There are 2 protein chains.
Amino acid sequence: MTETIDGWVVPVRLAPPSLDDNTADADRLKNVLAHRIGADHIAIDLPLLKRLPELIRMWNYECRCICFRTCDRWQLIDVASPEGSEPIAGIAVDLGTTRVVLQMIDLETGRTLSESAFDNPQAAIGPDILTRIHHADRPGGLDELNRLIVDGINAAVAGLCTDAGIGRERVFLMAVAGNTSMTHLFMGVSARGIIREPYIPATNTPGVLRADELGISLNVCARIFIFPNVGSYFGGDLISGAYFAEFHKNEAIAILVDVGTNAEVLLGNRDWLLACAGAAGPALEGGVSEIGMTAGPGVIDRILIDPETRVFDIHTIEEQPPRGICGSGMIDLAAQLFMSGMLDIRGRLVPEACGERLYEIDGLRHLVIVPRACSATGEDLTISQADIDSLIRSKAAMYTILETITGYVGIGFADLATFYVAGTFGSFIRPRSAICLGMIPDLPESTYQALGNSSLGGAARLLIERGAIDHIESIWDRITYLELNVNQDFMNRFSAAKFLPHTDASRFPSV
Amino acid sequence: MTETIDGWVVPVRLAPPSLDDNTADADRLKNVLAHRIGADHIAIDLPLLKRLPELIRMWNYECRCICFRTCDRWQLIDVASPEGSEPIAGIAVDLGTTRVVLQMIDLETGRTLSESAFDNPQAAIGPDILTRIHHADRPGGLDELNRLIVDGINAAVAGLCTDAGIGRERVFLMAVAGNTSMTHLFMGVSARGIIREPYIPATNTPGVLRADELGISLNVCARIFIFPNVGSYFGGDLISGAYFAEFHKNEAIAILVDVGTNAEVLLGNRDWLLACAGAAGPALEGGVSEIGMTAGPGVIDRILIDPETRVFDIHTIEEQPPRGICGSGMIDLAAQLFMSGMLDIRGRLVPEACGERLYEIDGLRHLVIVPRACSATGEDLTISQADIDSLIRSKAAMYTILETITGYVGIGFADLATFYVAGTFGSFIRPRSAICLGMIPDLPESTYQALGNSSLGGAARLLIERGAIDHIESIWDRITYLELNVNQDFMNRFSAAKFLPHTDASRFPSV
C-alpha cells in the first residue's frame with residue numbers, strides 16, 4: 001500500500017514572505033496547515049520553533065508537516081523535507097498485562113515497517129495486575145513497575161528501529177492501548193483506587209502526552225496518545241478495539257466481546273453504546289484446568305469426537321505431540337463431549353458414555369483426553385469434573401452477560417448484525433462449539449467475526465487516520481457503562497444458563 | 001485589595017466518588033472546573049496527575065485549582081489546599097531591551113508581593129538590539145544571549161521570592177511583555193529575520209510555554225505567557241500596553257503612543273485597531289544630545305524661561321546640581337526657547353534673543369543651559385543647533401506619524417477621546433510643551449493621559465484577570481499594521497511638520 005492516505009503527515013507549500021506579507025514564519029506555516037486540516041489553532045514546541053525559520057528557507061517554503069491532535073488542540077510535531085525516502089514512522093502498542101505487542105508503521109503509506117512483542121516485564125513482580133497494584137503501594141514500588149514497562153518498551157522500540165533501518169528520531173507518534181491499570185502503571189500513576197471500592201481510576205482521559213515526559217525515547221517532540229478508558233474495568237484496549245471494529249460508523253447494531261481475565265462486552269452502533277464487564281474469563285482462556293495453557297506448539301486447539309464411536313480426533317498447534325489445551329480447545333472439547341453424550345445437560349460426565357477414559361482421583365472424576373502413550377509429557381492429559389464445572393460457570397456467566405446487556409436495551413440476539421470476538425480467544429474459537437455449549441447465542445456462523453488483536457489494530461489505525469481522534473472521542477463519549485450488579489435477576493438467568501446449552505433449549509434450535 | 005477577583009485560582013468542591021459515580025479523579029475535577037470556567041477541555045500535566053488522587057482525598061474533595069489557558073486550551077497547573085495563608089503567586093515581566101522590570105502578584109487578591117528591576121544583562125553584548133541580533137548569528141551567540149536574560153530573570157525571581165517570603169514552587173504563572181526581538185532572544189529563537197528585509201519574525205504567537213522549557217525556575221508545572229507581537233516592529237509590549245489601556249473595551253477612539261528607540265502608535269477602539277511604528281525616538285528619549293541622559297538625580301526634567309527676562313528656571317530630579325537633561329526636559333527646553341523667541345519657527349537659535357548664552361564651537365552654535373559655575377560637572381551644560389535639529393526632526397516625525405495614521409482612517413485629532421502616552425517618556429513629558437513644539441496635536445491637556453509602564457501593567461493585569469487571554473487575543477486579532485512607506489506624501493507632511501509648531505499654524509490655535 002503506497003497510495004496517499006489522509007493521515008498525520010501533511011505536505012504544504014507556503015507563499016514566501018515579502019514586504020507586503022510579513023507574517024512570521026511559524027504563523028505562516030500554521031495558517032496554511034490550519035486551513036488544510038481544519039484546525040483553529042496549532043501549537044509548536046520550542047525545539048521545533050527554534051529550527052523552523054532555517055528549515056523552511058532551506059526547503060524553499062515547502063515541507064511535510066507531521067502533526068497530531070488531542071480533542072482540543074493540534075500540535076505540529078515536526079517538519080520534514082518536501083521529499084525524502086526515509087520513513088516518517090509511528091508505533092502502535094498493545095499494552096497487555098501479560099504481553100506487549102508493537103507495530104511500527106509508515107505514517108505516510110500505512111505500511112508496516114516492523115513488528116515485535118515481548119512478555120510484560122512487570123510479570124517479575126506479579127503475573128496478575130492485582131499483585132502489581134499492591135506492589136505499587138510499597139515505597140518505590142510504583143516507580144519500579146513503571147520503569148520495567150518503560151524500559152521494556154524502549155528496548156522494543158530500539159529493536160523496531162533497527163529492523164526498519166531508521167533512527168528513533170524518525171518516530172514521531174506512538175499510540176498505546178491498554179487496560180486501565182496498565183495505562184496507569186505505564187504513566188507512573190497510582191492505580192490503587194482502581195482495585196478498591198468504589199473503584200476509581202486516577203484518570204479516564206490521559207490524552208496526548210510528550211514522549212519525553214513518559215520516559216519513552218523517540219523524536220524529541222514526539223507525542224504519545226493513550227486511549228481513554230471508561231472506568232476501572234473497561235479500558236483503552238476496548239476503546240481501541242471498538243474503533244478498530246468501526247463502532248463509530250456502523251448503523252447496524254453489533255456486539256464486541258473480548259475475553260481475558262474478565263469478559264468485556266460492548267453493544268451498540270454509531271448512535272449509542274452500552275458497555276459492561278464481568279468475571280467470565282479464566283476458564284475460557286484456558287487458565288483454570290490443570291492442563292490449560294495459552295496457545296502454542298503442541299497445544300490442543302481443536303477436537304472432534306465421533307458421536308458413534310466416541311473416537312477422539314485431536315489437533316494440536318504445529319501438530320506437535322499434545323502437552324496441554326488452550327481455551328478454544330477446551331470449548332471444542334466440552335461441546336464435543338456434550339454432542340457425543342459424554343456430558344449431560346447439567347454438565348456432568350456420563351460414566352456409561354465415557355467408558356474407560358473416566359477414572360477417579362481423590363473422589364473426583366477425571367476424563368483422559370490424551371493417554372500417556374501419546375502425550376508429550378508422558379502423563380495422561382486429563383480434565384476433571386471440576387474443570388468442566390468451571391468452564392460451565394464461565395460459559396453461563398458469558399451468556400448471562402450477553403443476555404443482560406441486550407435485555408437492558410430491549411433487543412434480541414437476532415437484532416445483532418455482527419458479533420465481534422476479539423483477541424487470541426476470538427481468533428481460535430470455533431463459534432459452532434461455543435453455540436453448542438450455549439455460551440454464545442445461536443446465530444448464523446457468518447454473524448461471528450474474529451477481530452484478532454483489535455487493541456493493536458485500533459492503535460495502528462489511529463496512526464494513519466487523521467479523523468481518528470474524533471472517532472475515538474465519539475465512541476468514548478457515547479458509552480454508557482452498565483454496572484453488572486449481581487442481583488436476583490442476574491442469578492436466575494445465570495442458573496438457567498448453567499445447563500447445556502440452556503434450560504430453555506428453544507433458544508438453541510440449531511443444537 | 002483583598003476581595004475575591006475573577007482570576008486564575010478557582011476554588012472547587014467535588015462530590016466524593018461512589019459506586020454510582022465512579023468517574024476518575026482527574027475527570028471528576030476537570031468536569032467541575034470546566035463548568036466553573038466555561039472550558040471544553042482541560043489538560044493536566046503528568047506530575048500533577050500523579051499527585052492528584054492523594055491530594056483531593058487528603059483535602060476531602062475540596063481544593064483551589066490554579067489554572068491558565070492559551071487561546072485553544074485550558075491547563076490545570078496545580079491544586080492547592082482549600083485554605084492556606086501562603087500566597088499563590090505569579091510574576092509580571094516587562095522585558096525591555098535596556099531594563100527588565102518584574103512584579104510579583106498574589107493571584108488570588110491581586111496584591112503586589114514584591115517588585116524588582118535590573119539592567120538587561122545582554123547589554124554586555126551590545127546596548128542596542130541590532131548588535132545583539134548580529135551577535136546571535138555567531139556560533140553560540142544566540143545561546144549566550146538567551147542564557148544572559150534567562151539567568152537574569154532567574155536571579156530576579158529568586159530575589160522576588162525572598163522579598164515575598166515564599167518559595168519558587170509557589171510561583172505558577174509568569175507573563176512576559178517585550179518587543180519582538182527581546183521575545184525571540186528570551187525564547188532562544190533566532191531573531192535574524194527581524195532585521196533583514198522583508199523583516200520576518202520566527203513567530204508572532206509564542207503563546208503559553210512551560211517554564212521549564214524556557215529554563216525559568218518556578219513551580220514544576222508553571223506556565224509562561226508571552227505576549228504576541230504584530231510584526232518585527234510592533235511587539236508584545238505594545239499589545240500588553242493596549243490591553244492595559246483597555247483598547248478591548250473602549251467605544252471611544254483613543255490613540256496610544258510609546259516612544260523608545262522607535263515611536264509605536266496604536267489607534268482605534270474595541271472594534272478596530274491600526275498600528276504603526278516609525279523612527280521618531282532617540283532625540284525624544286534624550287539619547288542624542290551630548291548632555292542627554294535618562295531620568296535620574298541631577299537630571300534636568302523641567303525648564304521655565306521667562307519670556308520677558310529670558311531667565312532660566314531649571315528643575316532637576318531630586319533637586320541635585322544639574323548634570324544633564326532627559327527627554328522631557330529637552331522638550332520643555334525647546335518649547336520654552338521657542339515661546340521666549342530664542343528659537344525661530346524654523347528651529348534656529350536666534351542670536352539676538354540668546355545673547356551671551358550663545359557661542360560657537362567649530363562653527364556650530366551652542367547654547368549654555370547651565371553655566372559651569374552651577375553645574376555638577378564643572379563644565380557648561382550646552383545644547384547645540386544640531387541637537388535642536390535632531391529634536392525637531394523627531395518631533396516632526398512623531399507628528400507626521402500621528403497625522404498619517406489618523407488620516408489613513410479619515411479621522412481628525414479632535415475625534416480622539418484619549419491620547420495615551422506610555423513609558424517613562426509618558427510619565428515625565430508635559431503635554432503643553434510638546435504641543436508648543438507641534439509634536440503632538442493641540443488637544444485639551446485632559447485628553448493626554450500618562451500610562452506609566454503599560455507593558456508591565458498589562459502583564460500584571462493578565463495575572464489577575466481570567467478573561468485576559470480573550471481580550472489580548474481580540475486586540476491582537478483586530479490590529480492592522482500600517483507600513484509607513486516613506487513616500488512623497490509622507491515627506492511633504494514631514495517637511496511641513498519641521499516648523500514650530502507647524503507650517504500651518506492654524507492647527508495649533510492654543511500656541
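How do the axes of helix α3 and helix α4 of chain B cross? They come within 6 Å and cross at roughly 130 degrees, and this briefing sets that pair beside the sheet, the hairpin and the interface. The model is a predicted one, in which local features need pLDDT of at least 70, side-chain atom pairs count only at pLDDT 80 or more, and totals for chains, interfaces and linings use all residues. Residues are numbered from 1 along each chain as its sequence is written, while chains are lettered from A and ligands numbered from 1 in the order in which they are written.

**How the two chains meet**

- Laying chain B on chain A takes a turn of 180 degrees and a shift of 0.0 Å along the axis, with an RMSD of 0.1 Å (a least-squares superposition on the C-alpha atoms of residues with pLDDT of at least 70 in both).
- That is the relation of a two-fold axis.
- In the interface, 38 residues of chain B are in contact with 38 residues of chain A, where contact means that the C-beta atoms, placed from the backbone, lie within 7 Å.
- On chain B, the elements giving two or more residues to this side are α1 (25-37), α2 (46-58) and β9 (207-210); helices (H or I, at least four residues) and strands (E, at least two) are DSSP runs, numbered from the N terminus.
- The largest share of that side, 5 residues, comes from α2(B).
- By class, the side of chain B that touches chain A has 18 nonpolar, 12 polar and 8 charged residues (Ala, Val, Leu, Ile, Met, Phe, Trp, Tyr, Cys and Pro count as nonpolar, Asp, Glu, Lys and Arg as charged, and the others, Gly among them, as polar).
- The copies meet through the same surface, since 100% of the interface residues of chain B are also interface residues in chain A.

**The α3 and α4 pair**

- In chain B, α3 spans residues 129-136 and α4 spans residues 141-164; the axes are lines fitted to C-alpha atoms, for helices over the stretch in contact, and angles run from 0 to 180 degrees between N-to-C directions.
- α3(B) and α4(B) are therefore oblique to each other (under 35 degrees counts as roughly parallel, over 145 as roughly antiparallel, 65 to 115 as roughly perpendicular and the rest as oblique).
- R132(B), H135(B) and A136(B) of α3(B) meet G141(B), L142(B) and L145(B) of α4(B).
- This contact divides into 3 nonpolar, 2 polar and 1 charged residues.
- In chain A, α3 and α4 pack at an angle of about 130 degrees with their axes 6 Å apart.

**The six-stranded sheet of chain B**

- An open sheet of 6 strands runs in the order β7-β6-β5-β8-β10-β9, with mixed pairing; strands pair if DSSP finds at least two bridges between them.
- Its edge strands are β7 (112-119) and β9, each pairing on one side only.
- The twist averages 20 degrees from one strand to the next.
- β6 (residues 99-106) runs antiparallel to β7(B), joined by 7 bridges, and L102(B) stands opposite S116(B).
- Helix α5 (residues 180-187) lies across β5, β8 and β10 of chain B, at about 140 degrees to β8(B).
- Helix α13 (residues 454-462) lies across β5, β6, β8 and β10 of chain B, at about 160 degrees to β5(B).

**A hairpin in chain B**

- Strands β14 (residues 299-305) and β15 (residues 312-316) run antiparallel and share 5 bridges.
- Within this pair, R302(B) has H315(B) as its bridge partner.
- The hairpin has 6 residues between its strands, and R310(B) in the turn has a positive phi of about 60 degrees.

Note on methods:
Two residues are in contact if their C-beta atoms, placed from the backbone, lie within 7 Å.
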